[in-house]
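Visitor: Could you walk me through this protein, one question at a time?

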Amino acid sequence: MTDTALLIIDIQNDYFPGGAMELEGAAAAGAKAGEVLEKFRRENIPVFHVRHLSIRPGATFFLPGTPGAEIHPAVRPRAGEAVVEKNFPNSFRGTALQNRLDQHKVRNLVVAGMMTHMCVDASVRQAADLGYQVTLLGDACATRAQKISGETVPARQVHLAFLAALNGFYAKVIDSHEL
């Protein structure tokens, strides 16, 4: 696994209970991501944390300098682990992520993160378009209900629909115990 890295996307305090944008299943997904993170650390495989900072006018969460924007304790970076800050859903847009992965000769990404329907989706699609082989840990991701045309789509359905859309061409979607 010398060309593999773990990419943890936006597992930040605002997504957890009491945060400004609570997600359904955030605690369980964060715990799974934490277990995988410990495995990668034990095996000395590179880890890249991505942290979103909202800079657009009117943003209500991930505000710079707030506790909600901090990476959650379940996956808190250790000294020496890369932290990439982003301002858009796509973890590659306007960041040094690709350069950092290339410096480590990474070709295979294992991904965990939040929100499944937004930043995870955008980042996984971009990673695949850039030629990375992506394994997406479905149980280490979380999202929230979405509304369209006056209807609410439950979080579980949003999560499964996005995982299903990514599975195959963009990623191999598995649960963390399958890793």
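Guide: Here are some questions and answers on the fold, the cores and one loop residue. It's a predicted model, where local features need pLDDT of at least 70, side-chain atom pairs count only at pLDDT 80 or more, and totals for chains, interfaces and linings use all residues. Residues are numbered from 1 along each chain as its sequence is written, and side-chain values use heavy atoms, with hydrogens and water left out.

Visitor: How many helices and strands does the protein have?
Guide: Helices (H or I, at least four residues) and strands (E, at least two) are DSSP runs, numbered from the N terminus. From that end, the elements go β-α-β-β-α-β-α-β-β-β-α-β. The tally is four helices and eight strands.

Visitor: What radius of gyration does the protein have?
Guide: Take it over C-alpha atoms, with the globule rule being 2.2 Å times the number of residues to the power 0.38. Those C-alpha atoms fill a box of roughly 45 × 35 × 30 Å along the principal axes. For 179 residues, a compact globule would come out near 16 Å, and the protein agrees with 15 Å.

Visitor: What percentage of the 179 residues is buried?
Guide: Buried means under 20% relative accessible area, exposed over 50%, and partly exposed in between (1.4 Å probe, protein chains only). By that cut-off, the buried share of the protein is 48%.

Visitor: Which element gives the largest share of the largest nonpolar core?
Guide: A nonpolar core is a set of buried Ala, Val, Leu, Ile, Met, Phe, Trp, Tyr and Cys residues joined through side-chain atoms within 4.5 Å. The largest one has 27 residues, and Leu6, Tyr15 and Met114 touch the most other members. Two or more residues come from each of β1 (4-9), α1 (26-42), β4 (108-114) and β5 (133-142). With six residues, the top contributor is α1.

Visitor: How many residues are in the second core?
Guide: That core is separate from the largest one, and its members include Val120, Val134, Leu136 and Leu166. In soluble globular proteins, nonpolar side chains tend to be buried together. The second core's count is 24 residues.

Visitor: Is Pro67 buried or exposed?
Guide: Pro67 sits in the loop between β2 (47-52) and β3 (82-86). Its relative accessibility is 63%, so Pro67 counts as exposed.

Visitor: How many Å apart in space are Pro67 and Glu81?
Guide: In sequence, Pro67 and Glu81 are 14 residues apart. Going C-alpha to C-alpha, the distance between them is 20 Å.
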